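This report describes selected helices, core residues and loop positions of one model. Please consult the sequence and structure shown below while reading.

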Amino acid sequence: MGHPRSKPKSHAKNRPSVRSGTPDPTNPKRVAAILEKLDEAYPNATCELKHANPFQLVISTILSAQCTDVRVNQVTETLYKKYPDAKSFAYANPSELEQEIRPTGFFRNKTKSIIGASKEIVEKFGGEVPRTMDEMLTLPGVARKTANVVLGTAYRIASGVVVDTHVQRLANRLELTRNEDPKKIEQDLMKILPQDKWIQFSHQLIWHGRRVCVARKPRCMECNLETLCRARDKTI
Ligand code: SF4
């Protein structure tokens, strides 16, 4: 039985909460304007982790936790020559692999995840990276962020929005969410963005976060979103 005072469902009800007395910053017109500006600035934004196939993207994304893409690419350049497929990672010597991926940090946990995920891919999925979120989430060390990166970039399947540290910061600065928890931010973004923009939007926000809207002292003078942005830490 519904609550006697509950209101009818509406799109607005699902949007992130906003400061009272101000226009809703997640209204479709403003969101469309932000998407347009991002398309203008970053028409070719894409994943910066080098990979030749979906499996390599799983491994690179696991390695990218708390590490730059540049460092991951340096490590994987030789790593993928020694371990060319899921089978070779699945039955790798753990202490050797630990040393090989050491420069990416958290190498013990990452080794466990890489070997665990590779074994699962070989033994349960016939050596192919699965194509659904539910199956991806059964792989050891793979959470929604990694699953979204792989499904979106390697398979072009939009099953969610990648929320990394840049998306987390910029979604808040642009008032597209008021949450800090990546899972809640993802839910907020999925409600206000058209699904056919989910993949490209996170690539573009990550590029913007790396190049212009950096964590400390964002380069607002160079930002084409400036007129749409009311971030408290704007530098102009
Ligand atoms: S105006 Fe500044 S804070 Fe706002 S999105 Fe641009 S760089 Fe980031």
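Contact here means heavy atoms within 4.5 Å. Helices (H or I, at least four residues) are DSSP runs, numbered from the N terminus. The model is predicted, so local features need pLDDT of at least 70 and side-chain atom pairs count only at pLDDT 80 or more, while totals for chains, interfaces and linings use all residues. Residues are numbered from 1 along each chain as its sequence is written, and side-chain values use heavy atoms, with hydrogens and water left out.

**Helix α6**

Helix α6 spans residues 94-101, and Leu97, Glu98 and Ile101 in it are buried (under 20% relative accessible area, with over 50% counted as exposed and partly exposed in between; 1.4 Å probe, protein chains only). These residues lie on the same side of α6, because they cover an arc of only 105° around the axis; the arc is that of the directions from the helix axis to the C-beta atoms. The elements covering the buried residues of α6 include α3 (54-63), α4 (69-82), α5 (86-90) and α7 (107-125).

**The nonpolar core**

A nonpolar core is a set of buried Ala, Val, Leu, Ile, Met, Phe, Trp, Tyr and Cys residues joined through side-chain atoms within 4.5 Å. The largest such core has 68 residues, of which Phe89, Leu97, Met136, Leu189, Leu193 and Phe201 touch the most other members. Not counting residues up to four places away in sequence, Leu97 touches Leu79, Tyr83, Phe89, Ala92, Thr111, Ile114 and Ile115.

Phe201 belongs to helix α12 (residues 198-211) and is buried, with a relative accessible area of 1%. Apart from neighbours within four places in sequence, Phe201 is in contact with Leu35, Leu38, Val161, Leu176, Leu189 and Leu193.

**Packing of α10 and α12**

The axes of α10 (residues 165-173) and α12 come within 8 Å and cross at roughly 85°. The two helices are therefore roughly perpendicular to each other (65 to 115 degrees). Axes are lines fitted to C-alpha atoms, for helices over the stretch in contact, and angles run from 0 to 180 degrees between N-to-C directions. Residues making the contact include His166 and Leu170 of α10 and Leu205 and Ile206 of α12.

**Loop residues with positive phi**

Most residues other than glycine have a negative phi. Two positions with a positive value are tabulated here.

| Residue | Phi | Loop | Relative accessible area |
|---|---|---|---|
| Phe106 | about 45° | between α6 and α7 | 53%, exposed |
| Arg156 | near 60° | between α9 (144-155) and α10 | 54%, exposed |

Terms used. Parallel < 35°, antiparallel > 145°, perpendicular 65-115°, else oblique.
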